[in-house]
Amino acid sequence: MARSATRRRPAPARTEEGVNPKAPCPCGSGRRYKHCHGSGYAPPVTRPFEGLPGEPDWVALRELVPAATAPLTTTDGREVTLASVLPGGAPALVRTSGEILLGVQLPASSDDVSRDIGTALAAALEAPAGAPVDPGPIGAAGSAGPRLQELLDLSAPLEVTVHEDFGFWLEGTDAGPAARAGLQQANEAVLPTERLEGLGAAYWVRPGNERAHLRWVRPEAEEPLLDALARLSAAEQLLLGEGTRYAGAFRAHGLVVPVWDLPADTPAQEWNGPAAEFGTRLEEALAATGPLTADERRARAGLLSRQVTLR
């Protein structure tokens, strides 16, 4: 999977009349004004996929899933295939048939991943069939194109298909020996991955023969989700069943991704039931409005200590 390096994207300096540079920025970011909109740089977009259908799946395809695709439709009716990653980490490809493939895992990114990918999509929509896509600078140099939210039909759901390998790279093409060899090499790195049906962005992965994992990108805001997980942890209801362990969580693009360790020899789809039951418990915990108890606060601190931010 591509791992991105984040750098700030230059933006015109702005001065809010009467704002103390040391006061919180009026944008609500939580930073001081002099370090946010008063700094001359655009503040990071913490949830770049917010507003897109299937935001949790966008995060999963960006950070967790090796080989997957999903159909997209632009505002003017063009059809595009979203891919977790493309050959060589290319941002986009246009086949000789005119089919557009858009990659979500890029070698580098700016502080607005939606604009990075949108820049690539805008260039692909203008590129001739079979021609290389040149979106210009993407990522650290600053992406200049539109955001995905401006280009895509936001009424169309995101329907993800997980693949066993990267065979979709060459579908419908007359690939030569070099391309087939590159495909074989890429396929050797693919971890067995499945999406659990009916549970949103819940993905089972088996990285080896000893353990498997369930990674579940949650749509809720971080603070209420952590409170709910803490309530379940204090009540000893955080596990998915015998032989499972709550391993911790990722923070990725503004969302939290709880992770469980699972027995490697249990097929992926057998976790649908236990995960659905956990989802019901989580919804009940999310609905609780009272303050956390002392045990729940301790549980929350423990959960926070096991969170890792993906950048």
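Contact here means heavy atoms within 4.5 Å. I am working on a predicted model, where local features need pLDDT of at least 70, side-chain atom pairs count only at pLDDT 80 or more, and totals for chains, interfaces and linings use all residues. Residues are numbered from 1 along each chain as its sequence is written, and side-chain values use heavy atoms, with hydrogens and water left out.

**Leu148**

I began with leucine 148 and listed what it touches, leaving out residues up to four places away in sequence: Phe49, Leu52, Trp58, Leu102, Ser114, Ile117, Gly118 and Leu121.

**Helix α2**

Next I looked up α2, residues 113-126 (helices are DSSP runs of H or I, at least four residues, numbered from the N terminus). Its 14 residues reach 20 Å from first C-alpha to last, close to the 20 Å expected at 1.5 Å a residue (1.5 Å times one less than the number of residues). I found 12 of the 14 buried (under 20% relative accessible area, 1.4 Å probe, protein chains only). Among them are Ile117, Leu121 and Leu125. The cover over the buried residues includes α1 (55-63), β4 (100-103) and α3 (148-151). At the helix start, a side-chain oxygen of aspartate 112 comes to within 3.2 Å of the backbone nitrogen of serine 114.

**Cores**

Then I turned to the largest nonpolar core (buried Ala, Val, Leu, Ile, Met, Phe, Trp, Tyr and Cys joined through side-chain atoms within 4.5 Å), which has 41 residues. Phe49, Trp58, Leu82, Leu102 and Leu148 have the most contacts inside this core. α2 gives the most to it, seven residues. This core lies between domain 1 (55-188) and domain 2 (194-309), because both give residues to it; the bounds come from an automatic or database domain assignment. I also noted a second, separate core of 27 residues, including Leu214 and Val256.

How values were computed: Helices (H or I, at least four residues) and strands (E, at least two) are DSSP runs, numbered from the N terminus. Buried means under 20% relative accessible area, exposed over 50%, partly exposed in between (1.4 Å probe, protein chains only). A polar contact is a pair of N or O atoms within 3.5 Å; within protein, one must be able to donate a hydrogen and the other to accept it, and residues adjacent in sequence count only if both atoms are side-chain atoms.
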